[in-house]
Amino acid sequence: WGLGAAGVATTVVAANSGRTPPNIDEKPPTTAKVSGKIFAGPVVNNGKGDLTVEAYDTTGKLLKTAQANDDGSFTLNLDKSYKGVVLLKAFDKNANNENNPQHIDESSKAKKNLPTLTASFYFKGQDVVFNITPLTMAAAIKAGFQADGKADTQAPPTQTSVEAANA
């Protein structure tokens, strides 16, 4: 048996030779990726960078901001230590200029300015994909957020209310 164990050890060493050993001091990531797409019909431009996604907690504290891409996709990196309800708000950060984010209206096939949209979900400190649409906005309102994205102060959204509204 002794030779067999030595043979295994030799194989392991030979299999790892030429590679950089793993860094044992490497720390695990402290953020989790929240990604998705904005839909109100296909998004066709981000208003030259004006289409913004912000993440808030139920107290209205801004957790993170990201610029959406021309196709409406976005990625935010939230601190993994936060666990709780998140409101995502997609909007034109500079509505006073002529660079408006646009989408294709599916009934008329015409380009239209993208409205402000929201979505809410319970963040568990893990990577998640969550889209922002008119339906997710309705669910966020049902969960206890107002149309402007602020939480109802009398009955703030909870994990239970958000998950029920999204079901």
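This passage describes the fold, the nonpolar cores, the largest pocket and a few individual residues of a predicted model.

The secondary structure of the chain amounts to three helices and ten strands. Followed along the sequence, these elements appear in the pattern α-β-β-β-β-β-β-β-β-β-β-α-α. The chain has 167 residues, and 37% of them count as buried. Contacts that reach far along the sequence are well represented: of those between residues at least 6 apart, 66% join residues at least 24 apart. The surface exposed by the chain comes to about 10100 Å², with 54% of it supplied by carbon and sulfur atoms.

A good place to begin a tour of the interior is the largest nonpolar core, a set of 24 residues. Within this core, Ile-38, Val-53, Leu-88 and Ile-132 have the most contacts. Two or more residues of the core come from each of strand 1 (31-37), strand 3 (51-56), strand 5 (73-79), strand 6 (84-92) and strand 9 (117-123). Strand 9 makes the greatest contribution, giving four residues. Val-53 offers a useful viewpoint on these surroundings. With neighbours within four places in sequence left aside, Val-53 is in contact with Ile-38, Leu-88 and Ile-132, and also with Lys-64, Thr-65, Ala-66, Phe-74, Leu-76, Lys-89 and Ala-90. Another core, of ten residues, lies apart from the largest one, and Tyr-56, Ala-139, Ala-140 and Phe-145 are among its members.

Attention can now turn to the pockets. The largest pocket has a volume of about 190 Å³. Its lining is made up of 13 residues, and those nearest the pocket centre are Thr-59, Gly-60, Gly-149, Lys-150 and Ala-151. Sorted by class, the lining comprises four nonpolar, five polar and four charged residues.

Several loop residues also invite a closer look. Lys-48, in the loop between strand 2 (43-45) and strand 3, has a positive phi of about 55° although it is not a glycine. Lys-48 counts as exposed because its relative accessible area, 73%, is over the 50% cut-off. Lys-109, which lies in the loop between strand 7 (102-104) and strand 8 (111-113), is likewise a residue other than glycine with a positive phi, here near 65°. The relative accessibility of Lys-109 is 60%, so this residue is classed as exposed. Ser-81 belongs to the loop between strand 5 and strand 6. With a relative accessibility of 59%, Ser-81 is therefore also counted as exposed. Although Ser-81 and Gly-125 are 44 residues apart along the chain, a separation of 6.4 Å is found between their C-alpha atoms.

The last stop is Asn-166, which is located in helix 3 (residues 159-166). Asn-166 is partly exposed because its relative accessible area of 30% falls between the cut-offs of 20% and 50%. Beyond its neighbours within four places in sequence, Asn-166 is in contact with Ser-120, Phe-121, Phe-130 and Ala-139. Of these partners, Ala-139 is one of the residues of the ten-residue core, while Ser-120 and Phe-121 fall within the span of strand 9 (117-123). The C-alpha atoms of Asn-166 and Lys-142 are separated by 9.0 Å, and the two residues are 24 apart along the chain.

Note on methods: Residues numbered from 1 in each chain as written. Predicted model: local features only at pLDDT ≥ 70, side-chain atom pairs only at ≥ 80, totals over all residues. Heavy atoms only, no water. Core = buried A, V, L, I, M, F, W, Y, C linked by side-chain atoms within 4.5 Å. Buried < 20%, exposed > 50% of the residue type's maximum accessible area, 1.4 Å probe, protein only. Contact = heavy atoms within 4.5 Å. 1 Å grid on protein atoms, 1.4 Å probe; cavity = no way out; pocket = protein on both sides within 12 Å on 5 of 7 lines; lining within 4 Å. Points joined across faces, edges and corners; volume = space filled by probe spheres on them. Nonpolar A, V, L, I, M, F, W, Y, C, P; charged D, E, K, R; others polar. Areas by Shrake-Rupley, 256 points an atom, 1.4 Å probe, with all protein chains shown as cover.
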